[in-house]
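Dear colleague,

I am handing over the structure we spoke about, and I would be grateful if you could look through it with the notes below beside you.

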Amino acid sequence: MVRASEFAPQNVVLVGPAGVGKSRLVQTCAEALGRDYYFTGSVQLPSDVLGFIGPQGYQTTPLREAVEKKAVHLFDEMDSFGQRALLAANSAWRGGRRVSP
C-alpha cells in the first residue's frame, strides 16, 4: 500500500501580483497541517538563508528552524533576493530534503 504523503509536494511555488493572498494561503496550509510557520523575506546574503557564526555563536535562520521542526517555510519576495542568496536557497532545498551547512 502506498501512502498519499509519499506523493505530497516538498516545494510549492506561488506566483502572482502583490496583495492576492499568497502568504496567507501558506499560513492557512500550515495551520491545516498543524505545523509551525516560518518566513524569510527579501535577503541579499547566503548567510541570511543558511545561518552563520557570529560574535554570539551560531545564528540560525527561519529556514533552519523550519527544517528542524518539520514546519512550513515561506521564501517571500524571491524576485528581490540577491543572486548569491538565491543560489543558497536553491541548494538548501534541493530535492526538498536537506539543508546545506
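Two strands are taken to pair if DSSP finds at least two bridges between them. By that criterion E1 and E4 are joined by four bridges and run parallel, and within this pairing tyrosine 38 has histidine 73 of E4 as its bridge partner. Please keep in mind throughout that this is a predicted model.

As to the overall architecture, the protein has four helices and four strands, and from the N terminus on these elements follow the order α-β-α-β-β-α-β-α. Of its 101 residues, 30% are buried, and the accessible surface comes to about 7,300 Å², with 56% of that area belonging to carbon and sulfur atoms. Among contacts with a separation of 6 or more, 62% are between residues 24 or more positions apart.

Strand E4 is covered on both faces, with Val72 and Leu74 buried on one side and His73 and Phe75 buried on the other; histidine 73 is thus named here as well as in the bridge to tyrosine 38.

Serine 42 lies in the loop between strand E1 (37-40) and helix H2 (46-50), and with a relative accessibility of 43% it counts as partly exposed. Leaving aside residues up to four places away in sequence, serine 42 touches Asp76, Glu77, Ser80 and Phe81. The C-alpha atom of serine 42 is also separated by 6.4 Å from that of methionine 78, although these two residues are 36 apart along the chain.

Helix H3 (residues 62-69) has Leu63, Arg64 and Ala66 among its residues, and these three are buried. Seen down the axis of H3, the buried residues fall within an arc of 160 degrees, and they therefore line one face of the helix. On the other side of H3, Glu68 and Lys69 are exposed.

Which backbone value did I note just after H3? There, lysine 70 takes a positive phi of about 50 degrees, and this is a residue other than glycine. Most residues other than glycine have a negative phi, and for that reason I would ask you to look at this position yourself. Lysine 70 belongs to the loop between H3 and strand E4 (72-75), and at 63% relative accessibility it counts as exposed.

Turning to the surface, how many salt bridges are counted in the model? The count comes to one, formed by arginine 24 and glutamate 31, whose closest N and O atoms are 3.7 Å apart, which falls within the 4 Å allowed by the criterion. Arginine 24 is partly exposed, with a relative accessible area of 44%, whereas glutamate 31 is exposed, at 53%.

There is also a nonpolar surface patch of about 270 Å², made by Val12, Leu14 and Leu25. Leucine 25 lies in helix H1 (residues 22-33), and its relative accessible area of 44% makes it partly exposed; because membership of a patch requires over 30% relative accessible area, leucine 25 meets that requirement at 44%.

I would be glad to hear your reading of these points.

With best wishes

Definitions and conventions:
Residues are numbered from 1 along each chain as its sequence is written. This is a predicted model: local features need pLDDT of at least 70, side-chain atom pairs count only at pLDDT 80 or more; totals for chains, interfaces and linings use all residues. Side-chain values use heavy atoms; hydrogens and water are left out. A salt bridge is a side-chain nitrogen of Lys or Arg within 4 Å of a carboxyl oxygen of Asp or Glu. Buried means under 20% relative accessible area, exposed over 50%, partly exposed in between (1.4 Å probe, protein chains only). Patches are made of residues with over 30% relative accessible area and no salt bridge: like charges are joined within 9 Å, nonpolar side chains (Val, Leu, Ile, Met, Phe, Trp, Tyr) within 5 Å. Accessible areas come from the Shrake-Rupley method with a 1.4 Å probe; for residues, only the protein chains shown count as cover. Helices (H or I, at least four residues) and strands (E, at least two) are DSSP runs, numbered from the N terminus. The arc is that of the directions from the helix axis to the C-beta atoms. Contact means heavy atoms within 4.5 Å.
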